[in-house]
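Trainee: I would be grateful for a close look at one strand in the middle of this fold and at its surroundings. Please set out the terms as they arise.

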Amino acid sequence: MESANGEQAMVILETSDITKRFKIPGAQPIEVLKGVSFSVSAGEKVAILGRSGSGKSTLLHILGGLLKPTSGKVLRPRNFGFVFQAYHLMPELTVLENVMLPAQSWRTPLARATALSRAVELLGKVGLKDRLDHLPAELSGGERQRVALARALVTDPELVLADEPTGNLDALTGADILKMLTELSSDGKTALVMVTHSQEAAAICDRCLTLQDGKLI
Ligand SMILES: Nc1ncnc2c1ncn2[C@@H]1O[C@H](COP(=O)(O)OP(=O)(O)OP(=O)(O)O)[C@@H](O)[C@H]1O
Ligand SMILES: [Mg+2]
């Protein structure tokens, strides 16, 4: 990607020739990814489309280091956030504690205070300022998804990996979340790789890639 002044933008995520094969005892292995190579520049937004079962979540988990590729390489920034398709909030922690979780290792009082004020601000932005002390079980599916988004943003990451972040939201709430994702990189810094089935979500991205037959096209 070239920036406005013609400079080459910095690549912050790069994959080369990723393959992923799942072996299941007693069955033929499935080759879900068959050589995926792409890169994402700082501040760039990329949508990953593809049919159910095409390997989108598998790819995103590999990008986030949650799953090892069978072969191939991933270079990612240290500070990134992840929004899971199934939220994965900690059931015994409150909404605020869940959002603060990625900043657990921030030890100085100043860093803790920054994380707390950012968590509260983000929860306000996703419309949950009155739910800070709720447990995940006391929230609707869409509310849980919004907590998961706030959690992914609390460290002010260089990259957000999001698996269908508007999948469980009504049109209006989905539009709010997309607005937040659009504003992610008002500073031009935070990149987004978003798996989505939604036209509206794909429309906020700079680039759309489709996963088909194990490859990105
Ligand atoms: N741990 C696993 N073991 C075996 N097979 C798996 C495993 N995880 C995923 N698969 C298979 O890999 C394929 C891709 O799964 P994946 O979850 O990446 O699809 P997806 O594109 O995210 O689909 P959806 O749009 O429904 O979320 C599926 O056929 C699935 O059954
Ligand atoms: Mg998926």
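Mentor: The account below begins with the chain, turns to strand E6 and its sheet, and ends with the ligand shell.

This is a predicted model, in which local features need pLDDT of at least 70 and side-chain atom pairs count only at pLDDT 80 or more, while totals for chains, interfaces and linings use all residues. Residues are numbered from 1 along each chain as its sequence is written, and chains are lettered from A and ligands numbered from 1 in the order in which they are written.

The protein chain holds six helices and nine strands; these are DSSP runs, numbered from the N terminus, with at least four residues (H or I) for a helix and at least two (E) for a strand. The radius of gyration is 18 Å, close to the 17 Å that the globule rule gives for 217 residues, so the chain is as compact as a globular protein of that length. That radius is taken over C-alpha atoms, and the rule is 2.2 Å times the number of residues to the power 0.38. Buried residues make up 37% of the 217 residues. A residue is buried if 20 or more other C-beta atoms, placed from the backbone, lie within 10 Å of its own, exposed if 12 or fewer do, and partly exposed in between.

Strand E6 comprises residues 159-163, and five of its five residues are buried. In a regular strand the side chains alternate between the two faces of the sheet. In E6, Leu159, Leu161 and Asp163 point one way, Val160 and Ala162 point the other way, and all are buried.

E6 has a neighbour in E5 (residues 80-83), with which it pairs in the parallel sense over four bridges; two strands pair if DSSP finds at least two bridges between them. Here Val83 has Ala162 of E6 as its bridge partner. E6 is also joined to E7 (residues 191-195), again in parallel, by five bridges, and Leu159 has Ala191 of E7 as its bridge partner.

These strands belong to an open sheet of six, in the order E5-E6-E7-E3-E8-E9, with mixed pairing. Its edge strands are E5 and E9 (215-216), each of which pairs on one side only. E3 (residues 45-49) runs parallel to E7 and is joined to it by four bridges, with Lys45 opposite Leu192 in E7. Helix H1 packs on the sheet, touching E3, E6, E7 and E8 (207-212), and its direction makes about 150 degrees with that of E7. For contact, C-beta atoms placed from the backbone must lie within 7 Å. Axes are lines fitted to C-alpha atoms, for helices over the stretch in contact, and angles run from 0 to 180 degrees between N-to-C directions.

The loop between E3 and H1 contains Ser54. Ser54 is partly exposed because 19 other C-beta atoms lie within 10 Å. Leaving aside residues up to four places away in sequence, Ser54 touches Leu211 and Gln212.

H1 also leads to ligand 1. The shell around ligand 1 has 13 residues, the closest being Phe22, Ser52, Lys56, Ser57 and Thr58; a residue counts as near if its C-beta atom, placed from the backbone, lies within 6 Å. Strand E2 (30-41) and H1 (56-63) are the elements that give two or more residues to this shell, and the largest share, three residues, comes from H1.

Key
Two residues are in contact if their C-beta atoms, placed from the backbone, lie within 7 Å.
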